[in-house]
Amino acid sequence: MKAFELVEPATIDDAIALLDAGDPGVRAVAGGSALVPMMKARLFQPTRLVSLRRIGGALRGIHAGDGGLRIGALATLTELEHSTRVRDAAPVMSRALRTLSNVRIRNVATLGGHLAHGDPHMDLPPILLTLGARVRVAGRGGERWIDINDLFLGYYQTAVAAGELITEVHVSAQPHDARTWYEKFTALSADDWPTVGAAVWYRTAGDRIGEARVAVSAATERPVRIAAAEQILTGAAPSAETFGAAADAAAAAVDPLADIRGSAAYKREMVRVHVRRALEKAR
Amino acid sequence: MTHQRTLSFTLNGRPVTATARTHETILEVLQRDFGLFGARESCGQGLCGCCTLLVNGTAVSGCLYLAAFADGAELVTVEGLARGGTQHPIQCAFVEKSGFQCGFCTPGMILMTKELLGRHPRPTDEQIRHYLSGNLCRCATYPDIIESVRRAAELV
């Protein structure tokens, strides 16, 4: 790694002032588990890192209420994994966290960093796309909320602007009859980054699916909702035929990236398989 | 000077200071300034677990942990587990069950076992595999490692 300036502000305001420098080499850092590997590979060479570790309570904590979960941006993935509030409100998140990287990384990685990194291989973004969530962002001009559907703009690109900081994540309250699942497919070793992530969410009204959400990640340049699959599911019976048709629609809709985890054609087929499996397993 | 830091932290129970540049990892400081090589860099990406150390009681990958973040923290490496010439019960269990071959990954395995037993004092095999899934043994002594962890749970 190359030398850089490291600053450790004690307040959010001071952090924003230090981040807002008009320099793409200035970034916030929490646990560093995503940034440091990029720095070691010289994919990112910061001029200044703004460490958030001395900022206290405002960025921490996991709270549950009528409106859903409020999670501080500095909550670690381990805290989320073991949180009974998360398990009660969104068991699909707790399950996914168990195979998200490893214990040591989860001990330092934070939810804010997980989202701000914009890496399409992350496990929680597709899940949050189906659960419904919004991200609170602070900047010099004040605060704003970004709907999770508007957060991921491209490969490692998010709607969080230079000089802005994710401070909190709200996960929507879930109706008691919502069925969810996240299917993670790793084509190389079991603990590799996913080749495909498929998250699904649906509710039934009588013997039909009333509302459905489907999201795909990892195979694509960013985590995406699949409207064509959701349309097929909505109003249909939750049958093998319906799930197969929705999976076909997802496979047709995605634009997979070829890499060491598979060709674009292979990943398209894996999207088909794993969207179907996620729908079959949703509970 | 913002590119260099004087760090104060507790290392294996002893208060210490060190000077580190901002782009150095804690692993580099432990090796260079303190001659501690139990935590060693292998994959350099947080995947293999050879660089495991405990920071404030939780396991981290030292190869990704910026040295500056150790300021004010309590660090434990495998060298800090023995007490007065007596090995830690987890170390005894690994010796008793031969949970190693070349030994390169062993410090990481032992410290992850400490992390595991802190949360699950009587771990199931599934919990053992879950906690050690991020630690690689290229000699593939995994069955003996799992046996060692089971034994460690009895001894701790």
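The exercises below, each with a worked solution, concern a predicted model with chains A and B.

**Exercise 1. Overall form of chain A**

Determine whether the radius of gyration of chain A agrees with that of a compact globule, and describe the make-up of the chain.

Solution.
Step 1. Chain A has 283 residues, and a compact globule with that number would have a radius of gyration near 19 Å. The value for chain A is 19 Å, which agrees.
Step 2. Along the principal axes, the C-alpha trace of chain A spans about 55 × 45 × 35 Å.
Step 3. The secondary structure of chain A consists of 11 helices and 14 strands.
Step 4. Of the 283 residues, 55% are buried. Among contacts in chain A between residues at least 6 apart in sequence, 60% join residues at least 24 apart.
Step 5. The accessible surface of chain A is about 11,400 Å², and carbon and sulfur atoms account for 50% of that area.
Step 6. Chain A carries 34 positive and 31 negative charges, whose mean positions are 4 Å apart.

**Exercise 2. Overall form of chain B**

Carry out the corresponding analysis for chain B, beginning with the order of its helices and strands.

Solution.
Step 1. Chain B contains 5 helices and 5 strands. Along the sequence they follow the pattern β-β-α-β-β-β-α-α-α-α.
Step 2. For 156 residues, a compact globule would have a radius of gyration near 15 Å; chain B has 15 Å, which agrees.
Step 3. The C-alpha atoms of chain B fill a box of roughly 50 × 30 × 25 Å along the principal axes.
Step 4. Buried residues account for 52% of chain B. Of the contacts with a separation of 6 or more, 54% involve residues 24 or more positions apart.
Step 5. The accessible surface of chain B comes to about 6,900 Å², with 50% belonging to carbon and sulfur atoms.
Step 6. The 14 positive and 14 negative side chains of chain B have centres that lie 2 Å apart.

**Exercise 3. A salt bridge between two loops**

Explain which parts of chain A are tied together by the pair Arg53(A) and Glu8(A).

Solution.
Step 1. Side chains of opposite charge can pair when their charged atoms come close.
Step 2. Arg53(A) and Glu8(A) form a salt bridge with an N to O distance of 2.7 Å. Arg53(A) belongs to the loop between β3 (48–51) and β4 (62–65) of chain A, and Glu8(A) to the loop between β1 (5–7) and α1 (12–19), so the bridge ties together parts that are 45 residues apart in sequence.
Step 3. Buried means under 20% relative accessible area. Glu8(A), at 16%, is therefore buried, whereas Arg53(A), at 24%, is partly exposed.
Step 4. Both residues also belong to a network of salt bridges that links Glu8(A), Arg53(A), Arg54(A), Arg5(B) and Asp71(B).
Step 5. Over all chains, the whole structure has 31 salt bridges.

**Exercise 4. A salt bridge across the chains**

Locate the two partners of the salt bridge between Lys40(A) and Glu41(B), and state whether each is buried or partly exposed.

Solution.
Step 1. The closest N and O atoms of Lys40(A) and Glu41(B) are 3.0 Å apart.
Step 2. This pair crosses between chains: Lys40(A) is in helix α2 (residues 35–40) of chain A, and Glu41(B) is in the loop between α1 (26–34) and β3 (52–55) of chain B.
Step 3. Lys40(A) is partly exposed at 26% relative accessible area. Glu41(B) is likewise partly exposed, at 38%.

**Exercise 5. Packing between the chains**

Identify the surroundings of Asn107(A) and of the buried residues of helix α4 of chain B.

Solution.
Step 1. Asn107(A) lies in helix α6 (residues 103–108) of chain A and is buried, with a relative accessible area of 11%.
Step 2. Leaving aside neighbours within four places in sequence, Asn107(A) contacts Thr76(A) and Thr78(A) in chain A, together with Thr58(B), Ala59(B) and Glu115(B) in chain B.
Step 3. Helix α4 (residues 125–132) of chain B has the buried residues Gln127(B), Ile128(B), His130(B), Tyr131(B) and Leu132(B).
Step 4. These buried residues pack against α3 (77–82), α5 (91–98) and α6 of chain A, and against α3 (106–119) and α5 (142–155) of chain B.

How values were computed. Residues numbered from 1 in each chain as written. Chains lettered and ligands numbered in written order. Predicted model: local features only at pLDDT ≥ 70, side-chain atom pairs only at ≥ 80, totals over all residues. Heavy atoms only, no water. Salt bridge = Lys/Arg side-chain N within 4 Å of Asp/Glu carboxyl O. Helix = DSSP H or I, 4+ residues; strand = E, 2+ residues; numbered from the N terminus. Buried < 20%, exposed > 50% of the residue type's maximum accessible area, 1.4 Å probe, protein only. Rg over C-alpha atoms; globule rule 2.2 N^0.38 Å. Contact = heavy atoms within 4.5 Å. Areas by Shrake-Rupley, 256 points an atom, 1.4 Å probe, with all protein chains shown as cover. Lys, Arg positive; Asp, Glu negative; His and termini not counted. Charge placed at Lys NZ, Arg CZ, Asp CG, Glu CD.
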